[in-house]
Amino acid sequence: METRNSIRPLGPVVIDIENITKDYVMGEEVVRALRGVTLQIHRNEYIAIMGPSGSGKSTLMNMLGCLDTPSSGRYE
Ligand SMILES: Nc1ncnc2c1ncn2[C@@H]1O[C@H](COP(=O)(O)OP(=O)(O)OP(=O)(O)O)[C@@H](O)[C@H]1O
Ligand SMILES: [Mg+2]
């Protein structure tokens with residue numbers, strides 16, 4: 001029987017990204033915000049994305065939410 005506090009087993013992969021990069025081009029300057037991120041997130045999995053300011057957390061979240069597109073890599 002399942003109780004309220006039971007930890008659900010991980011389900012199938014729902015977010016699968018491989019070698020994602022994001023370059024922001026501003027004139028002659030290129031900011032390499034993501035340099036090859038590979039990550040899988042399963043159903044029922046809770047994750048935290050942590051890193052210092054400017055490390056690309058918001059850039060990655062924009063990819064995961066389909067608000068922006070990566071420069072290269074695969075996202076399913
Ligand atoms: N629209 C943009 N145009 C150019 N450079 C950008 C743009 N958005 C982010 N950057 C740059 O990309 C890098 C990653 O930024 P990002 O905002 O993803 O970091 P963050 O981890 O979310 O930082 P914070 O903790 O301060 O929110 C930084 O060098 C930032 O200056
Ligand atoms: Mg941010």
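Trainee: What makes the shell around ligand 1 split into nonpolar, polar and charged residues the way it does?

Mentor: This is a predicted model, by the way. The split is 5 nonpolar, 6 polar and 1 charged. Glycine counts as polar here and lysine as charged, so Gly54 and Gly56, both in the shell, go with the polar group.

Trainee: How do you know which residues belong to that shell?

Mentor: The cut-off is a heavy atom within 4 Å of the ligand. Among the residues around ligand 1 are Tyr24, Met26, Val31, Ala33 and Pro52, and the list also includes Lys57, Ser58 and Thr59.

Trainee: Which elements supply the shell around ligand 1?

Mentor: β1 (13–26), β2 (29–42) and α1 (57–64) supply at least two residues each. The largest share, 3 residues, is from α1.

Trainee: Why is the pair between Ser53 and ligand 1 called a polar contact?

Mentor: Because the limit for N or O atoms is 3.5 Å, and a side-chain N or O atom of Ser53 sits 2.6 Å from an oxygen atom of ligand 1, that pair qualifies.

Trainee: What about the backbone of Gly56 and of Ser58?

Mentor: Put them against the limit of 3.5 Å again. A polar backbone atom of Gly56 is 3.1 Å from an oxygen atom of ligand 1, and for a backbone N or O atom of Ser58 the distance to a ligand oxygen is 2.9 Å. Both are polar contacts. As for cover, ligand 1 has 640 Å² of accessible area on its own, and the protein covers 58% of it.

Trainee: How do you know that β1 and β2 pair?

Mentor: Pairing takes at least two bridges, and 11 bridges join β1 to β2, which run antiparallel. One of the partnerships is Ile17 with Leu39 in β2. The two strands form a hairpin with 2 residues between them, and Gly27 in the turn has a positive phi of about 65 degrees.

Trainee: What is the order of elements along the chain, and why is the chain called more spread out than a compact globule?

Mentor: From the N terminus the order is β-β-α-β. The globule rule gives 11 Å for 76 residues, and the radius of gyration is 16 Å, well over that, so the chain is more spread out than a compact globule. The C-alpha trace spans about 60 × 25 × 20 Å along its principal axes.

Trainee: What share of the residues is buried?

Mentor: Buried is under 20% relative accessible area, and buried residues make up 18% of the 76 in the chain.

Technical notes:
Residues are numbered from 1 along each chain as its sequence is written. Chains are lettered from A and ligands numbered from 1 in the order in which they are written. This is a predicted model: local features need pLDDT of at least 70, side-chain atom pairs count only at pLDDT 80 or more; totals for chains, interfaces and linings use all residues. Side-chain values use heavy atoms; hydrogens and water are left out. A polar contact is a pair of N or O atoms within 3.5 Å; within protein, one must be able to donate a hydrogen and the other to accept it, and residues adjacent in sequence count only if both atoms are side-chain atoms. Accessible areas come from the Shrake-Rupley method with a 1.4 Å probe; for residues, only the protein chains shown count as cover. Helices (H or I, at least four residues) and strands (E, at least two) are DSSP runs, numbered from the N terminus. The radius of gyration is taken over C-alpha atoms; the globule rule is 2.2 Å times the number of residues to the power 0.38. Buried means under 20% relative accessible area, exposed over 50%, partly exposed in between (1.4 Å probe, protein chains only).
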